[in-house]
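Me: Got a minute to go through this one with me? I'd like to start with a loop residue.

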Amino acid sequence: MTSLTQDNTKTTPFGETPDTPNTSSTPGTPTIAVIGAGIAGLSAALAVANGDPDSGLPGQDVTLITKTDLVESNTYHAQGGIAAAIFPDDDPKLHAQDTLAAGAGLCEPKAVDILTREGAEQVRRLIAAGVRFDKHPDGTLLRGLEAAHSRSRVVHAGGDATGKIVELDVSAIARNTPHIHIIEHAFVVDLVTEPVDAHSLAASEAQAAGVTRVIRGIRLFDTATGELRTLTADRVILATGGAGRLYPYTTNPQVATGDGLAAAWRAGAQVADLEFYQFHPTALGVGEHFLISEAVRGEGAILLNERGERYMTAIDPRAELAPRDVVARENFRQMMTQGGRPVLLDATAIGRKMGLDQPGLAAFLAHRFPTIDAYTRSMGFDWSREPIPVTPAAHYWMGGIRTDLWARTSIRGLYAAGECARTGVQGANRLASNSLLEGLAYGRRAGLAALRDSEDTVWNPQPLLGSAANAQTREITEPQTLAMPSPDTQAEPSAKPTDVRDTIEQTMWHGVGVLRDADGLSPAQSRLTGLVEQTQALAQAALSKVAKTPRTDATATATASAPAPGDIADTVTALENRNLAAIGLVAATAALARTESRGAHARTDFPDTDSVQACSRPFIRG
């Protein structure tokens with residue numbers, strides 16, 4: 001474990017103050033930090049370290065910061081695969097068409113073109129680098145079909161362990177790249193910014209682009225020692241993933257608490273599309289709500305209600321392979337008609353489709369989906385013989401920090417890639433298996449932009465008009481200011497962080513969940529406002545408590561007066577709660593403002609789409 005205070009050949013040293021510089025390859029070059037080590041963060045760090053030999057751009061040192069262990073990320077837990085148009089019967093343009101269709105009018109076509117073209121190139125690079133994708137005996141790649149794809153283009157690894165293998169293989173490459181300095185177990189508390197110099201030559205350009213602040217560094221909380229430190233940086237790339245822990249039912253790991261998104265929001269970055277949260281239709285209905293991959297339905301599994309009736313054929317001509325939002329909503333409705341009990345996923349239909357007997361199906365499922373097979377069996381199910389219970393669960397956030405086509409944000413020197421970013425590729429509903437692809441393509445773009453950009457470079461975002469272009473729509477696309485409440489000085493300091501988390505999760509699930517209406521959104525917005533006040537105060541109190549713990553001197557034992565592990569853990573949870581409450585409030589506000597149903601945003605009081613609202617809504621902290 002490499003903590004903030006343990007320096008070795010892979011650790012970037014830094015001191016206590018913002019004036020202490022980071023390492024860099026050449027005097028005068030920008031210091032660059034990447035926060036997050038999923039596929040987007042790894043791609044960004046490798047792009048910085050290696051540069052772009054084709055254009056003569058040299059690489060340089062980069063600090064890669066992770067919240068826990070290097071490999072723990074949403075990427076590690078991804079199952080289905082990576083969608084890429086790399087086969088002879090496919091084309092990036094076809095992949096782009098499928099992506100645009102799934103995005104329900106809110107995708108940015110230029111961003112999608114970059115995703116499908118450059119993403120395919122990056123997948124080929126992974127293959128060339130030896131990442132262990134599944135292959136036929138003759139050495140050709142295996143590929144699968146997933147919902148709303150017009151071609152079988154999803155490559156996978158380890159059957160249903162694509163993210164795990166990609167994360168392990170690419171993080172190993174990063175560890176062996178000399179220019180990458182890794183800091184593990186460092187929680188991002190806040191971004192350090194300052195106003196743009198009003199007297200600089202580029203001040204007018206920055207003002208015209210809505211850029212008022214410039215990045216200067218990062219405040220970090222060492223979860224090994226409990227110390228707060230500041231890392232200086234001229235460029236910061238956020239690749240911190242999503243925030244599934246906003247909800248009690250989620251396929252995301254414990255670390256998915258929206259830390260980078262919340263830090264960027266507090267610093268004044270524009271965000272957009274936070275009303276669009278994708279709920280995966282099929283998480284196991286018991287235990288840890290383990291993800292049952294889209295690829296299972298791609299192989300032929302069907303959905304049944306508790307009466308054994310197949311229902312998706314009456315909802316959409318694509319049945320179980322309709323876009324995720326369609327399937328998730330119908331699963332939810334079916335559950336509501338049967339007292340909230342889960343629906344059923346019947347994998348025995350795969351055996352009927354393939355002409356397999358039960359032993360043959362059992363062998364196929366164990367080979368094709370080894371992780372799911374092992375987990376379902378550990379929970380007492382034999383899915384080769386009987387349907388298994390499934391439920392919708394929070395899976396992926398289409399919205400995030402608004403960026404331009406090179407991952408730049410509205411704060412100069414700050415970039416964002418992967419799930420924490422709103423690049424314009426996901427629209428109102430992400431196409432299956434496009435998430436790892438986005439991390440690959442835009443993580444690399446973020447790294448190259450951080451290398452190339454001058455001190456005065458500001459973002460150049462695409463217009464947010466989506467598929468509409470009228471006066472009313474243009475008004476919607478103007479950034480809306482949202483004032484955030486101040487810390488509640490009366491907040492109960494003895495409130496348990498776990499109880500506060502439960503309140504946040506239940507508020508989001510019932511008010512800002514799969515199906516929404518004003519009667520649920522308005523109370524949720526009010527409750528989240530109070531939670532923002534409370535969690536800010538509790539986070540400040542937790543940091544103060546840890547900061548006041550006496551430190552040992554060089555001759556004392558390392559643990560003599562260090563903060564107790566429980567205090568450090570409570571501080572991390574308090575900081576996470578602060579992040580979740582803030583971005584949950586923005587999401588609820590955005591969902592209340594969007595008086596239509598589109599993609600993953602389903603309002604029962606406004607069930608139709610509205611052409612005037614066929615655009616993204618940006619928000620900025622007031």
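Me: Where is Q462 found?
Reply: In this predicted model, Q462 is in the loop between α13 (435–452) and α14 (471–476).

Me: And is Q462 buried or exposed?
Reply: Its relative accessible area is 18%. That is under the 20% cut-off, so Q462 counts as buried.

Me: Which residues is Q462 in contact with, leaving aside neighbours within four places in sequence?
Reply: Q462 is in contact with E108, K110, R402 and L405.

Me: OK, switching to D316. Which elements flank its loop?
Reply: The loop holding D316 runs between β12 (302–304) and α9 (324–337).

Me: Buried or exposed, that D316?
Reply: D316 is buried, at 11% relative accessible area.

Me: What does the side chain of D316 reach?
Reply: The backbone nitrogen of R318, at 2.8 Å. Outside its neighbours within four places in sequence, D316 also has contacts with A322 and V326.

Me: What about confidence, what's the mean pLDDT of the protein?
Reply: The mean is 90, and 92% of the residues reach 70 or more. Residues 1–25, though, have pLDDT below 50. The model still gives that stretch 82 contacts beyond near neighbours in sequence.

Me: How many contacts beyond four places in sequence does the model have for residues 551–560?
Reply: It has 10 for residues 551–560, and pLDDT stays under 50 there too.

Me: Why not pore over the coordinates where pLDDT is low?
Reply: Because low pLDDT means the predicted coordinates should not be read in detail.

Conventions. Residues are numbered from 1 along each chain as its sequence is written. This is a predicted model: local features need pLDDT of at least 70, side-chain atom pairs count only at pLDDT 80 or more; totals for chains, interfaces and linings use all residues. Side-chain values use heavy atoms; hydrogens and water are left out. pLDDT is the predictor's confidence in each residue, from 0 to 100. Contact means heavy atoms within 4.5 Å. Helices (H or I, at least four residues) and strands (E, at least two) are DSSP runs, numbered from the N terminus. Buried means under 20% relative accessible area, exposed over 50%, partly exposed in between (1.4 Å probe, protein chains only). A polar contact is a pair of N or O atoms within 3.5 Å; within protein, one must be able to donate a hydrogen and the other to accept it, and residues adjacent in sequence count only if both atoms are side-chain atoms.
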